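Reader: I should be grateful for a close look at the side-chain packing of this protein. Please treat the nonpolar interior, the aromatic rings and the charged pairs in one connected account.

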Amino acid sequence: MEHLISAEEISRERFYEIYRLSRKVKKALKEDRKKFSVLRGKCVVNLFFEPSTRTRSSFEKAGKFLSADVINITASASSLKKGESLIDTLKNLDMMHPDVIVLRHPCEGACYTVKRFINASIVNAGDGRHQHPTQALLDAVTLTEYFENLEGKKIAIIGDIVNSRVARSDAILFKTLGAEVFVYGPSPYMPRFPEAIGVKKLSSFEEVAEISDAVVLLRIQLERQNARKTFPSLREYAELYGMNKKRLSMLKKDAVVLHPGPFNRGVELNNDVVMSEKSLIFNQVETGLAVRMVVLSLLCRRKERLEEEVQ
Ligand code: CP
């Protein structure tokens, strides 16, 4: 694995390799083993042009737990503020010999643009509406831990599908793993050509509840809507599409609920859902750290070392 930019790059074999190793990493972390020498001598740069809590801090922790040198750069405190371009920023950082650059950027395809100018491996930590492959990995690992495999599972993604890089990445990887993927939400947020991303539209929550083994809830991406008001009010969204106690009770007995975060309590879900036994939301965050430790090890060609150290 040279880079990780899109969920399309993750084959079924690669996924199971990451799945098996991330489970071992999770077990080690739960046993309070948090320091490994796997990436000693390696350097990871986190470069974030959009806000992040989970992705940024888990890549930072992943690098530090593996003994890499980790540099965090926020756009607002960098020379980008003085007019330096993205490519020049990346080229300058690359001259300091990092091994991996983790990039979050509002523009779709930002990682593809910079990839050819640098020697470091690049991880897409979210580019506009396009992709967030490590989120797809951690979601798929979380679900695979629960179901053992995703073959034949039906997974519904509810909410702002068109503006969501998570929806796109999840749909691709879930389908690679044999699941069927459905979408549901207000029509302005539905893809016009769902077949283009290999998903089917559902037209009511009753349909979602009847077929779904897992439901992924999404935040409304207000920051990507160019001030267009696509929905009358958040209260109305919550009433029509939000997950609540009543809708939770309509789901299949073993169905589970995910959310990539950040979530807005009272909008796409409420407290009953967050606290429910069906919620895997916080498991996702825990899994994300382990998955990112595996991804960094793979990119630095230190997978065998990680395998040895987490035994
Ligand atoms: N899921 C996710 O990407 O969260 P952050 O924006 O906090 O990184």
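Author: The account below proceeds from the nonpolar interior to the aromatic rings and then to the charged side chains.

The model is predicted, so local features need pLDDT of at least 70 and side-chain atom pairs count only at pLDDT 80 or more, while totals for chains, interfaces and linings use all residues. Residues are numbered from 1 along each chain as its sequence is written, and side-chain values use heavy atoms, with hydrogens and water left out.

A nonpolar core is here a set of buried Ala, Val, Leu, Ile, Met, Phe, Trp, Tyr and Cys residues joined through side-chain atoms within 4.5 Å. Buried means under 20% relative accessible area, exposed over 50%, and partly exposed in between, with a 1.4 Å probe and protein chains only. The largest such core has 66 residues, and the members that touch the most others are Phe15, Leu137, Leu143, Leu173, Phe174 and Met293. Helix α11 (residues 281-299) supplies the largest share of this core, nine residues; helices (H or I, at least four residues) and strands (E, at least two) are DSSP runs, numbered from the N terminus. At least three residues of this core come from each of domain 1 (7-132 + 285-309) and domain 2 (133-282), the bounds being those of an automatic or database domain assignment. Contact means heavy atoms within 4.5 Å. With neighbours within four places in sequence left aside, phenylalanine 174 is in contact with Asp139, Ala140, Leu143, Leu150, Ile155, Ala179, Val181 and Val216. A second, separate core of 25 residues includes Tyr184, Phe231, Leu248 and Val274.

Aromatic rings come next. Rings of Phe, Tyr and Trp (its six-membered ring) pair if their centres lie within 6.5 Å; planes under 30 degrees apart count as stacked, over 60 as edge-to-face and the rest as tilted. The structure has seven aromatic pairs. One of them joins tyrosine 16 and tyrosine 19 edge-to-face, at 6.1 Å centre to centre and 90 degrees between the planes. These two tyrosines are separated by about one helical turn because they stand three residues apart in helix α1 (residues 12-30), and both tyrosine 16 and tyrosine 19 are buried. Ring pairs also join Phe15 with Tyr16 and Tyr19 in a cluster. Tyrosine 237 and tyrosine 241 form a tilted pair, because their planes lie at 35 degrees, with ring centres 5.5 Å apart. Both of these residues are buried.

A salt bridge is a side-chain nitrogen of Lys or Arg within 4 Å of a carboxyl oxygen of Asp or Glu. The structure holds 18 salt bridges. In one of these, glutamate 17 meets lysine 303, with the closest N and O atoms 3.0 Å apart. This pair links distant parts of the chain, glutamate 17 being in helix α1 and lysine 303 in helix α12 (residues 303-309), 286 residues apart. Glutamate 17 is partly exposed, at a relative accessible area of 23%, whereas lysine 303 is buried at 19%. Arg14 belongs with Glu17 and Lys303 to a network of salt bridges. Elsewhere, glutamate 60 and lysine 64 form a salt bridge of 2.6 Å, N to O; they are separated by about one helical turn because they lie four residues apart in helix α2 (residues 54-65).
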